[in-house]
Amino acid sequence: QVQLVESGGGLVQAGGSLRLSCAASGGTFRRYTMGWFRQAPGKEREFVGAISWSNADTPLADSMKGRFTISISRDSAKNTLYLQMNSLKPEDTAVYYCAADFDTSRIVPSKRVDLYEKWGQGTQVTVTS
């Protein structure tokens, strides 16, 4: 059974950094696009960034470019997705989710929430001013 478990969230002051991790297990993650999304209270879930199964494509949402970085460690035993967040702002406060897109024919990572089939439980990030 595919499982995604996020960790690394917490409380940080504006300008600070956090690194989120997503431990993935139970599937062929070498072939899956992996993504990060976030949802603030009262708002829709939004795309943060993703990494293609080839690791060659790592699109980020415009507001995250230059501040956030996505990386992934894939091997047969363990797969971990990371989101390095620097220069955090209060508007980055949200629950952050990792997700997996099982469509291995999709070469360019999607930004659409509905195309990701499996989700983690989320980790809270709170940025204070």
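This short talk walks through the strands, the core, the aromatic rings and a few single residues of one structure.

Keep in mind that this is a predicted model.

Let's start with the strands. There is an open sheet of 4 strands, and the pairing is antiparallel. Reading across, the order is S1-S3-S7-S6. The edges are strand S1, residues 3–7, and strand S6, residues 68–74. Each of those two pairs on one side only. Neighbouring strands in this sheet are turned by 15° against each other on average, direction ignored.

Now look at one pairing in that sheet. S6 runs antiparallel to strand S7, residues 79–85, and 7 bridges join the two. To find the register, take Thr 69: its bridge partner in S7 is Gln 84.

Stay on S7 for a moment, because Asn 79 is worth a stop. Asn 79 lies in strand S7. Is Asn 79 buried or exposed? Asn 79 has 6% relative accessibility, so it counts as buried. What does Asn 79 touch, beyond residues up to four places away in sequence? The list is Cys 22, Ala 23, Ala 24, Phe 29, Ser 73 and Arg 74.

Next, strand S10, residues 123–128. Two partners here. Strand S2, residues 10–13, runs parallel to S10, with 4 bridges between them. Val 12 has Val 127 as its bridge partner in S10. On to S8: it runs antiparallel to S10, and 3 bridges join them. There, Val 95 is matched with Gln 124 of S10.

S10 also has two distinct faces. Thr 123, Val 125 and Val 127 make up the covered face. Gln 124, Thr 126 and Thr 128 make up the uncovered one.

On to the core. The largest nonpolar core has 35 residues. Which of them touch the most other members? They are Met 34, Trp 36, Phe 68, Leu 81, Leu 83, Met 85 and Tyr 96. Several strands supply at least two residues each, among them strand S3 (18–25), strand S4 (33–39) and strand S5 (46–51). S6, S7, S8 and S10 do so too. Which strand gives the largest share? That is S8, with 5 residues.

Let's zoom in on Tyr 96. Set aside its neighbours within four places in sequence. Tyr 96 is then in contact with Glu 6, Leu 20, Phe 37, Arg 38, Val 48 and Phe 68, among others. The contacts also include Leu 83, Met 85, Gly 122, Thr 123 and Val 125.

Now the rings. A pair of aromatic rings is described by the distance of the centres and the angle of the planes. How many aromatic pairs does a search of the whole structure find? The search finds 6. I'll show two.

One is Phe 37 with Tyr 116. Their centres are 5.0 Å apart and their planes stand at 75°, so this pair is edge-to-face. Phe 37 lies in strand S4, while Tyr 116 is in the loop between S8 and strand S9, residues 118–119. The pair therefore ties together parts that are 79 residues apart in sequence. Phe 37 is buried, at 0% relative accessible area. Tyr 116 counts as buried too, at 3%.

The other is Tyr 97 with Trp 119. This pair is also edge-to-face, at 6.3 Å centre to centre and 80° between the planes. Tyr 97 is in strand S8 and Trp 119 in strand S9, so the pair links parts 22 residues apart in sequence. Tyr 97 is buried, with a relative accessible area of 13%. Trp 119 is partly exposed, at 21%.

Put these together. Phe 37, Phe 47, Tyr 97, Tyr 116 and Trp 119 form one aromatic cluster.

Charges sit over rings as well. The charged end of Arg 45 is over the ring of Tyr 97, 3.7 Å from its centre. Arg 31 lies over the face of Trp 53, at 4.1 Å from the ring centre.

Last stop: two backbone details in loops. Asn 55 sits in the loop between S5 and S6. Its phi is near 65°, a positive value in a residue other than glycine. Asn 55 counts as partly exposed, at 39% relative accessibility. Ser 87 sits in the loop between S7 and S8. Ser 87 also has a positive phi, about 50°, although it is not a glycine. At 41% relative accessible area, Ser 87 is partly exposed.

Key. Residues numbered from 1 in each chain as written. Predicted model: local features only at pLDDT ≥ 70, side-chain atom pairs only at ≥ 80, totals over all residues. Heavy atoms only, no water. Pairing = 2+ DSSP bridges. Axes fitted to C-alpha atoms, helices over the stretch in contact; angles between N-to-C directions. Core = buried A, V, L, I, M, F, W, Y, C linked by side-chain atoms within 4.5 Å. Buried < 20%, exposed > 50% of the residue type's maximum accessible area, 1.4 Å probe, protein only. Contact = heavy atoms within 4.5 Å. Phe/Tyr/Trp six-rings, centres within 6.5 Å; stacked < 30°, edge-to-face > 60°. Lys NZ or Arg CZ within 6 Å of the ring centre and 35° of its normal.
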